[in-house]
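I open this notebook to record, entry by entry, what I looked up in the structure shown below. Each entry keeps to one topic.

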Amino acid sequence: MQDYRALKLLDRFEKVFSSFGVDYKIMRRILQVKLTMDGRRVPTIFSENTKNKNKEDSNQFIKSLWIYVLFGLFMIPFLFIGNNLLFQMSFFYGIFTFFIMTTMISDFSSVLLDIRDRNILFPKPVDRKTMSTAKMVHVLIYLSFLTIAFVGIPLIVVLAKKGLLFFLISVVNIILIDLLIVVLTALIYIFILRFFDGEKLKDIINYVQIGLSLMIMVGYQLLIRSFEFIDLTISLEPRWWQIFIFPMWYGANTEMILNGEFQLFYVVFSVLGILIPFLSIWTFMRLNSTFEQSLQKLAYHGKAKKRKRSKMGQALLRIICRSHEERAFFRFSSSTMKNERDFKLKVYPSLGFSIVIPFIFIMNSYDTDLNHLSASKSYLTIYFSLIIIPTIMVLLKYSGKYKGAWIFRVVPINHLKPMFSGTIKAFILKLYLPVYLFLSALFIVLFGVSIVPDLVVVFLNACIYAVICFMILKKSIPFSESFVEYNQKSNGGVLFGLMLFVALFAGLHFASTFVSYGIYLYLIIAIIFLSVIWKVAFNITWEKILS
């Protein structure tokens, strides 16, 4: 088994782990196995490409980090905005926190909550604290790769332009932020696991995922609004609520050390920036055995509730899905999206973002002056809710229960069109439409009922966009692949390209507002185009799926 460089580096901290009561040798062996398994591609049930079987083990997550390197390049200008270090670095750390924490919620929370290795480790003489610590270090190893990819080049620029001291302060601050993000996320889950169990626990965890996503977005906005721009100078008026915006803690210590600002505000924030991460780590190490024991609750599924299908729902389903096969796949997809925890952990945070993002752009455009909002065309910011569609379309092929997908090859399915169309309809009606209706209600309150035709057009464009995403993305049987495959594959470039269609739809919509009754003409064109593209998009054969 390969001895990884990350583990060799970890060996230098053996005494630290041992001081917390962790059996380091066993933890190291667990991590070695986990890292080895991470580097192995799990072949899907429909994969007949034998080339991958002879391919060397390689961790595709590492190969996909280029997209974070690209994002990191865009952070460099923020290091040189003005001469206010508190603003510069708070903003820099705020962007860093946003990317790292969203990745933590969407990709690594499922690792923290994973209970699949318990059947192997529990019968063995392995301490629960060791197991939990191994899981946390596993996340930190990958988070360190992500961090280096994201801020590596900006830190090199800092070293070249601002000196060694600035560089060292930035490195320490980034390490502290990483630790704080991981441990705080784990502590939140410990709290939830302590008071809930069964199916209710799994639902609560999903709600927390959405809540954390929303808090990140709101916190980022509060960070920006903590500073005032007056005559090209940046000023800060301390407020009590700024103490909860932890990127400002690390901006404050940079200002204090490099510019000698030893006011109470800077001292308090700097102390918090060092004290809270280590206090969080100490708290977690005290509670991690409890955390590991509480995870057992996730294995309890509870009693399945039988729900009667309403006659109205059945009638509506017959209108939406014309054939028996399409209705069957609609029900199957709806049930999977509603009940599968792994799928919800990936998708629900994205739904939370789609609610918040349009309002953030409105707030940034009008700041506190909303008097002229109803007369503007800012309702077109609702198009930002569409950017989650490509990501979810990709996720529709993955499942935690993917091994059951062999049934698709056994049942006599001659045409795949009902399978794909039923799944896409289930996604649109069960996942996207509720979010969109909620957004639409809020937009009608802000802009008035006159935008209802515009909202209908946006929804039609969302349906068209979903079909276009399906046509461009690689085809696969719904819910037939493991989430391990998703974590190893990089779809960043394709997803970024698909987002350009959102700009196209918004641009055409904006142009239609300058023509008399243009929105109604656009509405008719959208209906016709959706009808045509829907008929041709799902004519997929088994040969194309297996190729």
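**Entry 1: terms and model.** Before naming any element I note that helices (H or I, at least four residues) and strands (E, at least two) are DSSP runs, numbered from the N terminus. I keep in mind that this is a predicted model, in which local features need pLDDT of at least 70 and side-chain atom pairs count only at pLDDT 80 or more, while totals for chains, interfaces and linings use all residues. Residues are numbered from 1 along each chain as its sequence is written, and side-chain values use heavy atoms, with hydrogens and water left out.

**Entry 2: overview.** I looked up the secondary structure and found 23 helices and two strands in the protein. I then looked up burial, where buried means under 20% relative accessible area, exposed means over 50%, and partly exposed lies in between (1.4 Å probe, protein chains only). Of the 547 residues in the protein, 50% are buried. The exposed area comes to about 27900 Å², and carbon and sulfur atoms supply 66% of it; such areas come from the Shrake-Rupley method with a 1.4 Å probe, and for residues only the protein chains shown count as cover. For contacts, meaning heavy atoms within 4.5 Å, I noted that among those between residues at least 6 apart in sequence, 82% join residues at least 24 apart.

**Entry 3: the nonpolar patch.** Which helix gives the most to the nonpolar patch? I found that helix 12, residues 264–294, does so with five residues. The patch covers about 950 Å² of surface, and its members include L9, F13, F20, V271 and W282. Patches are made of residues with over 30% relative accessible area and no salt bridge, where like charges are joined within 9 Å and nonpolar side chains (Val, Leu, Ile, Met, Phe, Trp, Tyr) within 5 Å. I looked more closely at V271, which is found in helix 12 and counts as partly exposed at 44% relative accessibility.

**Entry 4: salt bridges.** How many salt bridges does a search of the whole structure find? Taking a salt bridge as a side-chain nitrogen of Lys or Arg within 4 Å of a carboxyl oxygen of Asp or Glu, I recorded two. In one of them the side chains of D11 and R28 meet at 2.7 Å, N to O. D11 lies in the loop between helix 1 (5–10) and helix 2 (14–19), whereas R28 lies in helix 3 (residues 24–38), so this pair ties together parts that are 17 residues apart in sequence. D11 is partly exposed at 29% relative accessibility, while R28 is buried at 15%.

The side chains of K425 and E326 also meet in a salt bridge, at 3.0 Å, N to O. Because K425 lies in helix 18 (residues 417–447) and E326 in helix 14 (residues 324–339), the pair ties together parts that are 99 residues apart in sequence. I noted that K425 and E326 are both buried.

**Entry 5: helix 14 and helix 18.** The expected span of a helix is 1.5 Å times one less than its number of residues. For the 16 residues of helix 14 this gives 22 Å, and the end C-alpha atoms are 23 Å apart, which agrees. The buried residues of helix 14 include E326, F329, F330 and S334. S334 has a relative accessible area of 12%, and it touches A426 and K430, not counting residues up to four places away in sequence. In helix 18 I also found P434, which is partly exposed at 42% relative accessibility. P434 lies 10.0 Å from L351, C-alpha to C-alpha, although the two are 83 residues apart in sequence.

**Entry 6: V69.** I found V69 in helix 5, residues 66–73, and noted that it is partly exposed, with a relative accessible area of 28%. Its C-alpha atom is separated by 5.0 Å from that of F150, 81 residues apart along the chain. With residues up to four places away in sequence left out, V69 touches A149 and I153.

**Entry 7: helix 19 and cysteines.** Helix 19, residues 452–472, reaches 30 Å from its first C-alpha to its last, close to the 30 Å expected. I recorded this helix as mostly covered, since 17 of its 21 residues are buried. I also looked for disulfides, meaning pairs of cysteine sulfur atoms within 2.5 Å, and the search of the whole structure found zero. C321 is buried at 0% relative accessible area, and C469 is likewise buried at 0%.
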